[in-house]
Amino acid sequence: MLPFARVTIIGLGLIGSSVARAVRATMPTVRVTGYDGDADVRARADALDFLDDIADTAGVAVIDADLVILCVPVGAMGAVGAEIAADLPADAIVSDVGSSKETILNALTAALPGATIIPAHPVAGTENSGPEAGFATLFNGRWCIVTPPEGADPTAVERVIAFWKRLGANVETMDAKHHDLVLAVTSHLPHLIAYTIVGTASDMEEVTRSEVIKFSAGGFRDFTRIAASDPTMWRDVFLSNKDAVLEMLQRFSEDLTALQRAIRWGDGDQLFDLFTRTRAIRRSIIEQGQDDAAPDFGRSH
Ligand SMILES: NC(=O)C1=CN([C@@H]2O[C@H](COP(=O)(O)OP(=O)(O)OC[C@H]3O[C@@H](n4cnc5c(N)ncnc54)[C@H](O)[C@@H]3O)[C@@H](O)[C@H]2O)C=CC1
Ligand SMILES: O=C(O)C(=O)Cc1ccc(O)cc1
């Protein structure tokens, strides 16, 4: 039995269009309706033909949905919640895919009093945006973290879990605060570091900059991929997960200072010990099949 019959997706970019494509691929009888605030994105999504219906307003899009998934930047979630409030069916479940969770839960709870809100975060994506960037297999074998609020209806939680499993994801549940702390170190801080290092390189002299491009075959190239991620999305992630990111950044700068000292004083043992530990972490990620090169992740899309 399918967990939902009529799914509405608000925000038709990388993640929204991937969810729509994945629903079509894995649950072809489910009707998928879409809406995006940008008329040009709506027209492009229409031409790409991954939806059954496109609505002209967010309200019309949700009118008979049983699952509504908000796939807009984190900072826009509350406003979209307010836009759909009057038309949301009483028995519909509202979910989202935002990269931080506590702020979204607060914004949606305020905008949609009494609604069933079961947030989720597929930990899968790329540096690309827009409806053209999405693909049906994005969630295959990736984690999706569901963060039910306290006292959430267990049946609603189970239906959202079943939905993501159908899309190919492995699902774990945790509370929003814990999610935000974990993701601050595993995703948000790495993006901040990538933005910084690429920014630092681009601030260098013109001549050096061309050498940076020319010799960027190694680690720097990986950083430039991450640093090409969507500016609106990541601005919102850092502002919404401020406390956890600042906490992790503080720890990171202390560790960086310790490394700086080890280099200055020629403490090779300290460097060697750290690099040995980090190599083991990489190897255990690969053993668990969670590395970038895993089949189906589709980074090349
Ligand atoms: N990009 C990634 O790798 C991942 C992103 N996420 C989360 O998914 C969400 C969407 O991200 P992407 O799909 O990458 O972004 P995107 O930029 O590709 O798509 C976002 C879409 O939302 C629309 N939008 C913005 N404000 C709106 C509003 N008020 N009403 C209606 N539509 C509106 C935009 O026009 C755009 O088409 C974000 O919350 C992000 O944190 C989650 C996992 C991975
Ligand atoms: O492209 C990458 O390396 C990513 O890390 C994609 C990504 C971005 C944001 C998320 O919340 C989850 C995954």
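**Exercise 1.** Which helices each supply at least two residues of the shell around ligand 1?

*Solution.* Start with the ground rules. The model is predicted: local features need pLDDT of at least 70, side-chain atom pairs count only at pLDDT 80 or more, and totals for chains, interfaces and linings use all residues. Residues are numbered from 1 along each chain as its sequence is written, while chains are lettered from A and ligands numbered from 1 in the order in which they are written.
Helices (H or I, at least four residues) and strands (E, at least two) are DSSP runs, numbered from the N terminus. The helices sought are α1, α4 (77-84) and α10 (231-240). Among the contributors, α1 gives the most, with three residues.

**Exercise 2.** Place ligand 1 relative to the domains, then describe its surroundings.

*Solution.* Take the domains, whose bounds come from an automatic or database domain assignment. Domain 1 (6-174) and domain 2 (179-287) both give residues to the shell, so ligand 1 lies between them.
Next, the neighbours. A residue is near if its C-beta atom, placed from the backbone, lies within 6 Å. Of 29 residues around ligand 1, Gly11, Gly13, Gly37, Gly125 and Ser129 come nearest.

**Exercise 3.** Trace the strand order of the open sheet and find its edges.

*Solution.* Two strands pair if DSSP finds at least two bridges between them. The six strands run β3-β2-β1-β4-β5-β6, with parallel pairing. β3 (53-54) and β6 (116-117) are the edges; each has a single partner strand, so one side of each is left without a neighbour in the sheet.
Check one pair. Two bridges join β2 (residues 31-35) to β3. Glycine 34 stands opposite isoleucine 54 in β3.
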